[in-house]
Amino acid sequence: MDVETTNPSMWLSFPHVVVGTLSSFLFGYHLGVVNEPLESISLDLGFSGNTLAEGLVVSTCLGGALIGSLFSGWIADGVGRRRAFQLCALPMIIGASSSATTKTLAGMLIGRFLVGTGMGIGPSAVALYVTEVSPASVRGTYGSFIQIATCLGLMVALFIGIPVKEIAGWWRICFWVSTIPAGFLAVAMMFCAESPHWLYKQGRIAEAEAEFERLLGGSHVKYAMVELAKLDRGDDADTVKLSELFYGRHFRVVYIGSTLFALQQLSGINAVFYFSSSVFKSAGVPSDVANAFIGVANLSGSIIAMLLMDKLGRKMLLLWSFFGMAISMLVQVAAANTFVSGSASLYLSVGGMLMFVLTFALGAGPVPSLLLPEIFPSRIRAKAMAICMSVHWVINFFVGLLFLRLLEQLGPQLLYSMFASVCMMAVVFVKKNVIETKGKSLQEIEVALLPQE
């Protein structure tokens, strides 16, 4: 075996990864697209002042996403990773067109729901794809692209939403714009490599070799195929039962994965994203400035994470990230304290929030969706990912629903203290349960985690 000592060139797999992360860009875009235009949408469609209807425009999307993510594993395993991307782009194009042309609230909600199903399929598909097509040496860096693309999508959506107050019906343009990257994703995927892991599981060995050659270069094909073969001793692709994921030997990794996503959502990050403008407004900062600040904090954190992911490793980033988030929440608790003078509390609350977003983007944001496909064995990878993403969407939905109610009932100090304690629990959980995966091949990780029978 002439094992290559050099790492494969990262540039071969680069274009494939970039096309895949378009789905994350779309994901971010659709998360942010109704943020600015919501008022003018509600005026044009005649449900202005109806907070339930406004909430529905935001949350039907999440409902669709839950359904999409529940099926995402079966889709990715059944039709392959490339087709999964195309199936994610399709409802996004139809849904966005429906929202852009609708005259009624119902049409808007149907559109948002369809877009949501695409948003549910996307994150699992891109996490699987990036993990399976990138060389081990840059897998962490590429995994951070997912987070960066999502930030850029959010920022572009907020940016395109700026003229919405001046130009009548501009919100329709906001929806139309999203069909361009979605169309590009669907077409470009035809020219991208299929995941060699998936091809191998389908028994299409020669095709898997050909794709490895495209992704890693000819000299690395042999080694990559040997690694794949090591794992595939008699594992049938079709024998993953749901019961195996909930008890039995795979339970531990699924438990780690779901808990990481649960902690990520319960840390209060989405509360910050959804309601940052109202928090800033009470501090007297205009919402567009606030959104820009949050976007910049998020993006800069993600870029730093990209640079550190394969150097410091996933576990270090997760630990420090959750710890920093706990501190930032405590800063906001201090800001809400009555003994702190007006201007000081203003600086503390805005500073605490920006620091929270920055530290989130350093680890808690990008790491779980990268780490999970790494720690899941290849036979259960897609289905386990689907389960963990579903946990993520359910909690996301309830946080979005209940945050403002809880803020009224409990007050900011108690609520932010609760978020801070969740972050500290996350630090302990990561310390005890997460293994370091940087620079290891997927096969080595699998051997390290599974109790061998």
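**Figure 1. Two domains of a predicted model, with C-alpha centres 21 Å apart**. In this predicted model, domain 1 and domain 2 have C-alpha centres separated by 21 Å. Their contact draws on 38 residues from domain 1 and 40 residues from domain 2. To find your way along the sequence, look for domain 1 at residues 9-193 and for domain 2 at residues 242-452.

**Figure 2. The area buried between domain 1 and domain 2**. The size of an interface is often given as the accessible area lost when the parts come together. Here the two domains bury about 3300 Å² between them, and carbon and sulfur atoms account for 68% of that area. If you zoom in on domain 1, the residues that lose the most area to domain 2 are L62, R139 and Q147. Together, these three make up 17% of what the domain 1 side buries.

**Figure 3. Salt bridges and polar contacts across the interface**. Three salt bridges are found between domain 1 and domain 2. The two domains also share seven residue pairs in polar contact, both residues being at pLDDT 80 or more. Four helices of domain 1, namely α1 (10-32), α3 (51-79), α5 (105-133) and α6 (139-160), each bring at least two residues to the side that touches domain 2. Helix α6 gives the most, with 12 residues. Sorted by class, this side of domain 1 holds 20 nonpolar, 13 polar and five charged residues.

**Figure 4. A close look at the salt bridge of D77 and K383**. Here is a pair to pick out by eye: D77 forms a salt bridge with K383. The closest N and O atoms of D77 and K383 are 3.1 Å apart.

**Figure 5. S98 in helix α4**. This view centres on S98, which sits in the helix spanning residues 81-101. Leaving aside residues up to four places away in sequence, S98 touches G107 and G111. For a sense of distance, try V17: S98 and V17 are 81 residues apart in sequence, and their C-alpha atoms are 29 Å apart in space.

**Figure 6. The whole chain, with 20 helices and zero strands**. Stepping back from the close-ups, you will find 20 helices and zero strands in the chain. The radius of gyration is 22 Å, close to the 22 Å that the globule rule gives for 453 residues, so the chain is as compact as a globular protein of that length. Taken along the principal axes, the C-alpha atoms fill a box of roughly 70 × 50 × 40 Å.

Notes
Residues are numbered from 1 along each chain as its sequence is written. This is a predicted model: local features need pLDDT of at least 70, side-chain atom pairs count only at pLDDT 80 or more; totals for chains, interfaces and linings use all residues. Side-chain values use heavy atoms; hydrogens and water are left out. Domain bounds come from an automatic or database domain assignment. Contact means heavy atoms within 4.5 Å. Buried area is the accessible area (1.4 Å probe) that two parts lose on being put together, summed over both. A salt bridge is a side-chain nitrogen of Lys or Arg within 4 Å of a carboxyl oxygen of Asp or Glu. A polar contact is a pair of N or O atoms within 3.5 Å; within protein, one must be able to donate a hydrogen and the other to accept it, and residues adjacent in sequence count only if both atoms are side-chain atoms. Ala, Val, Leu, Ile, Met, Phe, Trp, Tyr, Cys and Pro count as nonpolar, Asp, Glu, Lys and Arg as charged, and the others, Gly among them, as polar. The radius of gyration is taken over C-alpha atoms; the globule rule is 2.2 Å times the number of residues to the power 0.38.
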